[in-house]
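Colleague: I am new to this structure and would like to know what the terms rest on. Please take me through it, starting with the ligand.

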Amino acid sequence: MKIIYTDVLVIGGGLAGLRVATGVKERGHDVVVLSLVPPKRSHSAAAQGGMQASLANCKMGEGDNEDVHFSDTIKGSDWGADQEVARMFVHCAPKAIRELAIWGVPWSRVHRGEHTSVINAQKVTISESEEAHGLITARDFGGTKKWRTCYTSDGTGHSMLYAMDNKAKEEKVEIHERLEAISLIHENGRCSGAIARNLMNGELVAYVAKATTIATGGYGRLYSVSTNAIICQGIGQAIALETGVATLGNMEAIQFHPTAIVPVGILTTEGCRGDGGLLLDKDGYRFMPDYEPEKKELASRDVVSRRMTEHIRKGKGVKSRYGDHLWLDITILGREHIEKNLREVKEICESFLGIDPAVDWIPVRPTQHYSMGGIRTKYTGESQTLKGLYSCGEAACWDMHGFNRLGGNSVSETVVAGMLVAEYIADFCDSDESALNIDTHTIATFLKAEKDKMEALLTKENGEDAYVLRRRMESIMMEKVGIFRNGEDLQAAVDELEELYKRSKNIEVFRSKSRGANPALVNAYRTQKMLKLALTVAYGALLRTESRGAHSREDFPERDDKNWLKRTITSWPDENQTIPTVSYEEIPIEKMEFPPGFRGYGKDLTVVNPETTKRQGVVDALTEKLVREGANRFEIQNALMPYIDKLPKKYQGTNERLEENV
Ligand SMILES: Cc1cc2nc3c(=O)[nH]c(=O)nc-3n(C[C@H](O)[C@H](O)[C@H](O)COP(=O)(O)OP(=O)(O)OC[C@H]3O[C@@H](n4cnc5c(N)ncnc54)[C@H](O)[C@@H]3O)c2cc1C
């Protein structure tokens, strides 16, 4: 029996996991990171467009600050987010980006003097100030009032991850690659590590830790076409769910990105539209201004994806043997700009489409992209129900995105949440509370359970083929739990997924019976887990009879604040159940700094909650009084919804800006 003891186990070597690991290590705790792949190959490396932080350095970012970033994020979430968490996030994003600059991320910078940008299909001259020269610059992104998305050309995630991995190495963080966590060790509501399988030799290893963090990214690969890396299969969320104790939040909140290339689904960044790219239909007509006259191509992602789908349904899509699509036109930006700021997009177009985006239009279609749902946590990143289990990054429902994430807010979340959660974990490990009292017999029981499951898969005869079940699951999710949803399709999806799940209990590993490196075995145990997750998504979507953010029900088009201002909580308490248990967590209006309102897209279909008017009255009266008394924006914010004390002391300070030298 191989047991490895450490203070902190981090499952996941992407941006979120590495940031947690670095933080706890700096606080003097031992840490082991598990990763399916070498960390630099984590999916975070694929992030292209940028990271939001309200630095307000460039001309078009002037006037930006935490308040503007906060209101954009809450509107973007369609009021589904936890507003305290969103506040903590916007406060710390400028700190995180500056820290990354120190660690070596070569952020694109402001250049003094005039430069040309494309805004609303027009070439515009922008003049940058002398004092901003050399500071981190930003580009425009969807759903934001200011240019706030900081970037390194269109290789932002790549450069962030490389810097982060180098920092982890510098801190001597121990990394165990090609190790897959397949279950959590837990007893009496306390998590004390994980069982992992070595993907090279099949060995099962028990990792025992005071604190365990799941930072395994999203679950996009439940869908047949996704911009996500193929390892984004939601195994982290699934092993949390399988404890029967930890819960998942808002699993039905799935984002589709407007501009993945057709047919393969590889992303072309929102930076294409942020920098001035246009969406065109089969007639070369720019249709977005007809639907969203104000924000046009730069409406929130969920909105643009729906508008594109509507337009295709009206027969305006371009016919192709891979289905209808629309065009993304970035030719207007010019070759120089593309080769400097959108070079990954150029390479993707050349390699996967055989076109040159400086002269050709790019075939695009909305495609599964991001998982707002995940392991439900407190603001500290700890599971609400399983002590010692933490989560952050895309794997978590922390929950600053609610029902729709803004572009650029995700890589930002990974590093901000990572840096905060590291401090909370370190505090936990410093306290007596973290003492572990687990005997080797219990550990052996968990190891044996996983060993037995592997044996059962390998020795089963006349069973089901996991690949067949999985392909069917992916199609169901794509066809019936997609951008537009309705009760009939969702019910059919739940019924069939439940059937597939039952069949998955009878999976046989075909092709190779090897107990070592064996992709068929890996697929077999992952498929069972993925089916459980698919059920949490489809069932949550079926029960949520309203439309909020990326969850759009054609049979319930209203955002129903009266009945649905709540988070969906899913659990799987009994291994024999075949459908998840669903409950709800209220999102209290009376605590909101920014009570629910109209997002500003299309028609206002909100079913207003009577508490909203009351709270808005309180917010307005308090703000007016404080303004009269000469209070500054920080004092007003603090009176409306205090959050600063929740932050670790070292991150409580205000952020400096050129315009706001506090
Ligand atoms: C193409 C693309 C472009 C994007 N561009 C942007 C952008 O410009 N701006 C932005 O804000 N966001 C962007 N996003 C979103 C953003 O990249 C991700 O949300 C973010 O990087 C997720 O980081 P993470 O650390 O949470 O997870 P990941 O980077 O996905 O890392 C997960 C880690 O977990 C490990 N792992 C998984 N399962 C297990 C297991 N069972 N056992 C052990 N290890 C495991 C993996 O090996 C990996 O190391 C983009 C997403 C895509 C798909």
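Colleague: What makes the approach of Leu36 to the ligand a polar contact?

Modeller: A polar contact is a pair of N or O atoms within 3.5 Å; within protein, one must be able to donate a hydrogen and the other to accept it, and residues adjacent in sequence count only if both atoms are side-chain atoms. A polar backbone atom of Leu36 is 3.0 Å from an oxygen atom of the ligand, so this pair qualifies. Leu15 also places a backbone N or O atom 3.2 Å from a ligand oxygen, and a polar backbone atom of Gln48 is 3.2 Å from a ligand nitrogen.

Colleague: How much of the ligand does the protein cover?

Modeller: On its own the ligand has 1,000 Å² of accessible area, and the protein covers 98% of that (Shrake-Rupley method, 1.4 Å probe; for residues, only the protein chains shown count as cover).

Colleague: Which elements give two or more residues to the shell around the ligand?

Modeller: They are α1 (15-26), β2 (31-35), β8 (179-187), β15 (362-371) and α11 (409-430); α11 gives the most, with four residues. Helices (H or I, at least four residues) and strands (E, at least two) are DSSP runs, numbered from the N terminus. There are 39 residues around the ligand, and Ser42, Ser44, Glu394, Ser410 and Val411 come nearest; a residue is near if one of its heavy atoms lies within 4 Å.

Colleague: How do you know where the atoms are?

Modeller: This is a predicted model, in which local features need pLDDT of at least 70, side-chain atom pairs count only at pLDDT 80 or more, and totals for chains, interfaces and linings use all residues. Residues are numbered from 1 along each chain as its sequence is written, and side-chain values use heavy atoms, with hydrogens and water left out.

Colleague: Why is the chain called as compact as a globular protein of its length?

Modeller: The globule rule (2.2 Å times the number of residues to the power 0.38) is set against the radius of gyration, taken over C-alpha atoms. The rule gives 26 Å for 662 residues and the chain has 24 Å, which is close, so the chain is as compact as a globular protein of that length. The C-alpha trace spans about 65 × 60 × 50 Å along its principal axes, and the chain has 18 helices and 26 strands.

Colleague: What makes Pro263 and Asn120 worth a remark?

Modeller: Most residues other than glycine have a negative phi, and most peptide bonds are trans. The bond from Val262 to Pro263 is cis, with omega near 10°; Pro263 lies in the loop between β12 (254-261) and α6 (271-274). Asn120 is not a glycine, yet has a positive phi of about 50°, and sits in the loop between β4 and β5.
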